[in-house]
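Please open the model in a viewer and show side chains as sticks. The tour below proceeds from one charged pair to the next.

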Amino acid sequence: MNEVTDPPSPTISEEKRMERIVTKEDYIQSLKDLHHVVYYKGKRVEDVTEHPALRPHINSAALTYELALRPEHEELMTAVSHLTGRKINRFTHIHQSIDDLIKKVQMLRLIAHETGSCFQRCVGLDALNAVYMTAYDIDQKYKTDYFERFKRYLLHVQESNVMVVGGMTDPKGDRSLPPGKQADPDLFTHVVERRANGIIIRGAKAHMTGAVNSQEILIMPTQAMREEEKDYALACALPLNAPGVILIFGRQTNEERKCEEGFDAGNPQFGLVGGEALIIFEDVFVPWERVFLCGEYDLAGLLVERFATLHRQNYGGCKGGVSDVLIGASALAAEFQGTAGASHIKEKLAEMIHLAETIYAGSVACSAMGYKTPSGAYYPDPLLANTTKHNVTRHIYEIARLAHDISGGIVATMPFQGDLENSEVGRYVRKYLAGAQGIPVEARMKILRLIENMSGGTALVESMHGAGSPQTQKVMYGRLGNLEQKKRWAKRLVQID
Ligand code: SF4
């Protein structure tokens, strides 16, 4: 416990927070109004919406608002609130059926086709659902009132349509030590003081997708906790402009390309995967009405497991959709260089489609096999959700490998757009990068840059570690795989005890 000053007054008024965000323009304006503390490359960013390194991620998340307004996407992008009966954005919805779980996966694939990139808002959606289910269970066990509190918070999210970043991963310091034994106790986010009107928290959340372009964060514990780690068993929500919150945007592979004009960025409008940030909480006040788990350590693990399952459910949807774009780009690269008719190219494209549909099938399957939790919210089958994410850690690398194979070495050695446009050497670039007859060199270069952007560096690592590393999925197999039952089936066949 530490001495801290009195709780600061919120910098964003309740009235302002409750303004409804409808269009992508509303969303972008709300980020301008937020005035949260964001750093990029050692400098404070005054307006995240105007910064070239951040804007592509904002464009991507903005589509979650824009597509919801298109009649042809209404069924996937919107839902009916079980709290109010009103139409809401599906990214603020608590799943009420198997159909909702499947529609979520379909929605993610749809948006990924538009962006070719991560659109970030699913993290908050999964956090809302995980906390909803678990707040109910905590109340059942401890007679607390977290569920009613959370429903009031959810109502605010659904009515205002804010983007919420789900905050789970703590920095963790020395992985061999539990939270309370770390040399620095802040390496896991924790409560440092309890007051009559709320709590003071300190710590950080790392790798937070979409953090700099969300308005709020819903914090969850990073792992199961023991009794002596009660102060680390914490779930709460706060606006990202609350005093004491600092966001530091992470470096991405080739991120300086986003600051260039033209097609060398690869995916100029939507950027490269999610745009992750380190979020620091330096003695931040959270009122009790925004606290949904505080000290009930024995249910922290359940909350973590539920969030992980809900986010792993997604990966065949969004990564399936992103893979569709990469497969299309690879097919175009082959066409543009005259290899599309070769049997080995057709075979490789078929293999890429097989891999993409396999991960999508996993996401649909874990949704179809989902079930109702005691809270009433629906939950995907956790074993199948984990295998889906595990397949993504492998299949995305294989899809990227095949994209490189089809594209050729040019994907890594191609000159700049500036060379193409240079008055001295441009004619040589145009002459020697020519491919199939009738295909403009610019078109070929654009597609190759897109492939490079979608298949290298950060994009791959994100598939490996986003929603948890492969080892976290293997831990779940040990718990959910029911090895004892499998042994019994084998023994029965050969009639041994
Ligand atoms: Fe959503 Fe996929 Fe990005 Fe996760 S990686 S936030 S599921 S788009």
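Begin by selecting aspartate 100, which counts as buried at 10% relative accessibility in this predicted model. Which residue does its side chain meet in a salt bridge? Add arginine 90 to the selection: the two side chains meet with an N to O distance of 3.0 Å. Aspartate 100 belongs to helix H5 (residues 98-115), while arginine 90 sits in the loop between E4 and H5, so the pair ties together parts that are ten residues apart in sequence. Arginine 90 is also buried, because its relative accessibility of 4% falls under the 20% cut-off.

Next, select glutamate 74 and lysine 87. They form a salt bridge in which the closest N and O atoms are 3.2 Å apart. Glutamate 74 lies in helix H4 (residues 74-77) and lysine 87 in strand E4 (residues 87-89), so this contact ties together parts 13 residues apart in sequence. Glutamate 74 is partly exposed, with a relative accessible area of 32%.

Proceed to glutamate 50 and lysine 32, whose side chains meet in a salt bridge of 2.7 Å, N to O. This pair links distant parts of the chain, 18 residues apart: glutamate 50 is in the loop between strand E2 (43-45) and helix H3 (55-66), and lysine 32 is in helix H2 (residues 24-34). Is glutamate 50 buried or exposed? At 54% relative accessibility, glutamate 50 counts as exposed, whereas lysine 32 is partly exposed at 24%.

To conclude, display every salt bridge; the count comes to 36.

Technical notes
Residues are numbered from 1 along each chain as its sequence is written. This is a predicted model: local features need pLDDT of at least 70, side-chain atom pairs count only at pLDDT 80 or more; totals for chains, interfaces and linings use all residues. Side-chain values use heavy atoms; hydrogens and water are left out. A salt bridge is a side-chain nitrogen of Lys or Arg within 4 Å of a carboxyl oxygen of Asp or Glu. Helices (H or I, at least four residues) and strands (E, at least two) are DSSP runs, numbered from the N terminus. Buried means under 20% relative accessible area, exposed over 50%, partly exposed in between (1.4 Å probe, protein chains only).
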